[in-house]
Amino acid sequence: MKPVLFYFALCLGFFFFSCADNAAEQSTKKRPNIVFIMSDDHAYQAISAYDDRLIHTPNIDRIAKKGMRFTNASVTNSICAPSRAVILTGKHSHINGKIDNLSPFDTTNITFPRLLQKAGYQTAMFGKLHFGNNPKGFDEFKILPGQGDYYNPKFLTQKGDTTITGYVTDIITDLTLDWMEKRRDTAKPFLLMYLHKAPHRSWLPAKRHYQKFTQRTYPLPETLFDDYLTRSEASRTAEMGIGKDMLLQYDLKIPKEILDELGIEERLGAGGVNQLNEQQKAEWDAIYGPIANTFKKEFKTMNDSLLTVWKYQRYLQDYLGTIAAVDENVGRLLDYLDEKALSENTMVIYTSDQGFYLGEHGWFDKRFMYQESFKTPLLIKWPNVITPNTTEDELVQNLDFAQTFLEAAGVTSPEDMQGESLLPLLKGEKEKWTRDAVYYHYYEYPAEHTVKRHYGIATKEFKLIHFYYDINAWELYDLKKDPQEINNVYDHPSYAKTVQEMTEKLKAMRLKYKDSDSLSNQYIRMYKDKGWIE
């Protein structure tokens with residue numbers, strides 16, 4: 001080859017290699033970062049983007065204002081660990097095997113973080129996973145053991161366990177920002193799972209918030225004194241009533257010495273207050289001590305209704321106080337993304353592992369398929385993809401997250417995932433969304449709160465629920481006429497056609513998702529084999 005031609009060919013080769021490198025770099029840059037923010041038991045009623053009567057959450061609301069607010073997002077199984085397993089695997093509980101908080105998570109399950117990691121994403125998890133001490137698919141993690149503690153929490157890490165002094169919501173954010181600042185690989189897109197313990201029971205706010213929130217009062221829910229008249233015994237036998245089941249010491253911070261003076265015995269202890277160090281305890285007692293003393297003076301004048309109202313106010317003061325810290329810390333992370341010019345190419349999701357009762361039907365906790373625990377907050381922002389300040393009412397579930405993240409990252413989803421990518425909705429292509437119903441199945445009975453086993457189907461108009469195992473009861477709710485789900489119309493003659501249609505739809509959906517009575521019986525036998533039930 002002549003020197004001139006050789007030189008030309010060499011330059012051409014460098015040009016093409018350079019273009020290929022630049023194309024690869026551009027391709028990598030186009031893959032979005034994913035920041036998945038999840039709190040624990042955060043009711044949509046306690047986010048001001050949904051309802052501003054209880055609390056103002058300006059930072060969480062920023063995600064809604066810059067993105068999309070889903071009003072019909074729900075979960076497939078309203079309990080902590082199973083919800084997380086569904087999110088990670090994109091499969092219903094009966095398929096991934098994590099049906100309750102008791103059974104182990106099968107680590108052979110393929111999870112979306114493992115697939116993103118394999119596809120070149122840097123992955124990190126900080127906060128509450130709830131199960132496992134070695135989450136798969138993460139380059140770095142620091143997670144709470146089990147439920148974790150609000151004050152001076154212990155963390156599990158790849159390098160061993162560590163205890164950090166301070167308030168858990170602040171600490172989880174400190175760990176997250178430290179990773180973002182010091183160990184994030186700027187050449188790679190990243191998946192960050194930023195997972196809060198709050199506002200999980202037993203609701204210990206930070207000092208800066210309990211000083212304020214213990215002075216507040218809240219409007220009573222219309223159904224605080226619900227009589228469950230038209231519903232099955234499942235509602236009446238559940239042990240999650242604020243009046244009869246919420247504990248004065250564990251939940252509401254009345255010291256045991258005062259309960260002893262009043263002749264009140266309870267089954268649980270101090271609910272995390274024992275984790276406070278000496279200084280923290282002194283600061284805590286300065287606020288909660290006078291509350292306890294006032295309760296001691298007034299207790300004997302309280303009838304059941306007055307005690308329920310007192311418990312409700314104390315419950316919301318602490319529950320919402322913990323959310324105030326979540327909102328502040330979400331703001332810290334959003335500010336960091338803005339300051340580091342990361343927001344434009346980052347999908348940010350805010351959700352909860354399920355909804356929660358804030359006195360509706362007289363309850364706290366979750367588990368039931370009724371709206372307050374079945375529905376969950378879901379806010380997503382993704383600049384240049386999602387139109388800011390939009391609202392979406394299509395039926396979506398936590399089952400859909402895995403496939404959404406994988407498609408956004410350009411990664412093919414496994415065929416056995418059971419959700420649907422939300423990208424058509426995020427892009428405004430609503431005509432491509434065909435789902436008209438969602439499926440739910442709850443298993444953990446008998447256990448804490450004694451919510452009976454049930455499965456069901458919900459459309460935008462109706463909800464059909466079947467309670468089973470030691471009961472055979474059906475409930476149907478007209479969600480348009482009865483959004484508070486007061487009137488079970490399953491046996492009402494005017495709804496006979498609806499019952500038939502919903503029952504057929506439920507059968508088809510159980511077939512689609514590979515659920516069945518025989519599989520339910522298999523899980524019941526598992527409970528019996530383990531001695532959890534007779």
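**Exercise 1. Determine which residues surround Lys366, and whether Lys366 is buried or exposed.**

Solution. Beyond its neighbours within four places in sequence, Lys366 is in contact (heavy atoms within 4.5 Å) with residues including Asp41, Ser78, His200, Met240, Tyr357 and Ser373. This is a predicted model, in which local features need pLDDT of at least 70 and side-chain atom pairs count only at pLDDT 80 or more, while totals for chains, interfaces and linings use all residues. Residues are numbered from 1 along each chain as its sequence is written, and side-chain values use heavy atoms, leaving out hydrogens and water.

Next, place the residue: Lys366 belongs to the loop between β9 (346-352) and α13 (371-374). Its relative accessibility is 3%, so Lys366 counts as buried (under 20% relative accessible area, with a 1.4 Å probe and protein chains only).

Finally, examine the side chain: that of Lys366 forms a polar contact of 3.1 Å with that of Asp41 (a pair of N or O atoms within 3.5 Å, one able to donate a hydrogen and the other to accept it; residues adjacent in sequence count only if both atoms are side-chain atoms).

**Exercise 2. Describe the course of helix α11 and what covers its buried residues.**

Solution. Begin with the span: α11 comprises residues 278-298 and reaches 29 Å from first to last C-alpha, close to the expected 30 Å (1.5 Å times one less than the number of residues).

Then consider its axis, which bends by about 40° at Asp285 (the angle between axes fitted to the seven residues ending there and the seven starting there).

Lastly, the buried residues of α11 include Trp284, Tyr288 and Phe295; among the elements covering the buried residues are α7, α10 and α12.

Terms used. Helices (H or I, at least four residues) and strands (E, at least two) are DSSP runs, numbered from the N terminus. Buried means under 20% relative accessible area, exposed over 50%, partly exposed in between (1.4 Å probe, protein chains only).
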